[in-house]
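Colleague: Please put the model up, and then I will ask about its side-chain contacts and its helices.

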Amino acid sequence: MNDRTIRPSRRTALGLIGAALVLPKVSHAAAVSEIAGDAFGTTWRIVGPPSAELERLRSGIKALFASIDRQMSPWRSDSVISRFNAMATGSQAVDAEMIHVTASALHLARASNGAFDPTVGPLVAQWGFGPIQGGRTPDWRGLSLGVDYIAKARDDLTLDLCGIAKGRALDRAVDLAQEAGIDNLLFDLGGELKALGTHPSGRPWHVAVQHPLTGQPAATLRLTDGQAVATSGLRAQSYELAQRRYGHIIDPTKRAPADAGLLSVTVLGADAMTADGWATALFAAGPTAGPALARDHDLSALLIVRDGTGIRSIKTGSIETMLL
């Protein structure tokens, strides 16, 4: 691809939405209430029993998401991450939350052999999906952390936490609900979901995984207490050019969108940040290395790959036991 950037509609949030999970409609279940809102260029929704009085969570969630946006949104020139990306080689003082999320991103980069790389932001922009400008040679090893700072080894090195920050936002929002004494809910943030307790009927929470080509349900998962699920794929953020589909998830080794033979990756995890990051990493790794990486790390994952004119699924870890 040449240097001409194909830009999608402008977003002012944390990142691009790769999820393909569906929270069941409230009307399909009795004795369930919901609240919803907007954040990070997408929507959020909580479903729970009427007794939970979910509306009391709204102001806290709004403040939490606004704080995360001010820290980690590359679409804001005044965010902490944008200031870091604009600076020359050196270090920048940051708070404990920024250290925690960046450390998690670097740990995932190491564990995935670089399939997840938080320095690919300029390549995401080159291919038409992001705002970060800088060098187009990713190198997560050029980032480092101290007790209260993040540092980079090159002037043009940048940090992009979009592949992990939305999951962290979901984890913290669910923590707020627990602190408010709510033990049963399903929280959906842009298609990433986390469950507490059970559905008001007493059964586990159920979520549908969309077929990456048709948008219809391809599978249904049950979520146990505290479990999170995230999906990365082509369906939500991609474009077609010269009869080839390009998605927003970059393969760092090729400096190009990941192999379109892998259509979607769904990962279950104990926290949404981990599930979010691994879904991105496995998708970037592609249809051959992705499943191998999932097996190496005993991840509960559902990978949907192109098979001729149809699709087939690859299941790893314990995800088979969570399918209905």
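The questions below go through rings, helix 6, salt bridges and some loop residues.

Colleague: What kind of model is this, and which pLDDT do side-chain atom pairs need?

Modeller: This is a predicted model, in which local features need pLDDT of at least 70 and totals for chains, interfaces and linings use all residues, while side-chain atom pairs count only at pLDDT 80 or more. Residues are numbered from 1 along each chain as its sequence is written, and side-chain values use heavy atoms, with hydrogens and water left out.

Colleague: How many aromatic pairs does a search of the whole structure find?

Modeller: Rings of Phe, Tyr and Trp (its six-membered ring) pair if their centres lie within 6.5 Å; planes under 30 degrees apart count as stacked, over 60 as edge-to-face and the rest as tilted. Searched this way, the whole structure has 2 aromatic pairs.

Colleague: How is the pair of phenylalanine 40 and phenylalanine 65 arranged, stacked or tilted?

Modeller: The centres of phenylalanine 40 and phenylalanine 65 are 5.0 Å apart, with 50 degrees between the planes. Phenylalanine 40 is in the loop between strand 2 (33-39) and strand 3 (42-48) and phenylalanine 65 is in helix 1 (residues 58-72), so the pair ties together parts 25 residues apart in sequence. Helices (H or I, at least four residues) and strands (E, at least two) are DSSP runs, numbered from the N terminus. The pair is tilted.

Colleague: Which residue pairs with tryptophan 44, and in which strand is it?

Modeller: The second ring lies 5.9 Å from tryptophan 44, centre to centre, with 35 degrees between the planes, which is a tilted pair. Tryptophan 44 is in strand 3, and its partner is 143 residues away. The partner is phenylalanine 187, in strand 7 (residues 185-189).

Colleague: Is phenylalanine 40 buried or exposed, and what is its phi?

Modeller: Buried means under 20% relative accessible area, exposed over 50%, partly exposed in between (1.4 Å probe, protein chains only). Phenylalanine 40 has 5% relative accessibility and therefore counts as buried. Although phenylalanine 40 is not a glycine, its phi is positive, about 55 degrees.

Colleague: What is the phi of glutamate 53, and is the residue buried or exposed?

Modeller: Glutamate 53 sits in the loop between strand 3 and helix 1. Its phi is positive, about 50 degrees, although glutamate 53 is not a glycine. At 55% relative accessibility, glutamate 53 is exposed.

Colleague: How far apart are the end C-alpha atoms of helix 6, and where is its kink?

Modeller: Helix 6 (residues 272-296) has 25 residues, and a straight helix would reach 36 Å at 1.5 Å a residue; the expected span is 1.5 Å times one less than the number of residues. The end C-alpha atoms are only 20 Å apart. The bend at a residue is the angle between axes fitted to the seven residues ending there and the seven starting there. The kink, about 140 degrees and shortly before proline 287, lies at glycine 286.

Colleague: How many salt bridges are there, and which residue does glutamate 34 bind in one?

Modeller: A salt bridge is a side-chain nitrogen of Lys or Arg within 4 Å of a carboxyl oxygen of Asp or Glu, and the count comes to 9. For glutamate 34, the closest N and O atoms of its bridge are 2.6 Å apart. Glutamate 34 is in strand 2 and its partner in strand 3, so the bridge ties together parts 11 residues apart in sequence. The partner is arginine 45.

Colleague: Which residues are joined into one network by salt bridges?

Modeller: Arginine 76 bridges to aspartate 69, with the closest N and O atoms 3.2 Å apart, and aspartate 78 bridges to arginine 76 at 3.1 Å. Aspartate 69 is buried at 10% relative accessibility, whereas aspartate 78 is partly exposed at 44%. The shared partners make one network of Asp69, Arg76 and Asp78.

Colleague: How far is serine 112 from leucine 282 in space?

Modeller: Serine 112 is in the loop between helix 3 (96-111) and helix 4 (121-126), and at 4% relative accessibility serine 112 is buried. Serine 112 and leucine 282 are 170 residues apart in sequence. In space, C-alpha to C-alpha, the distance is 8.1 Å.
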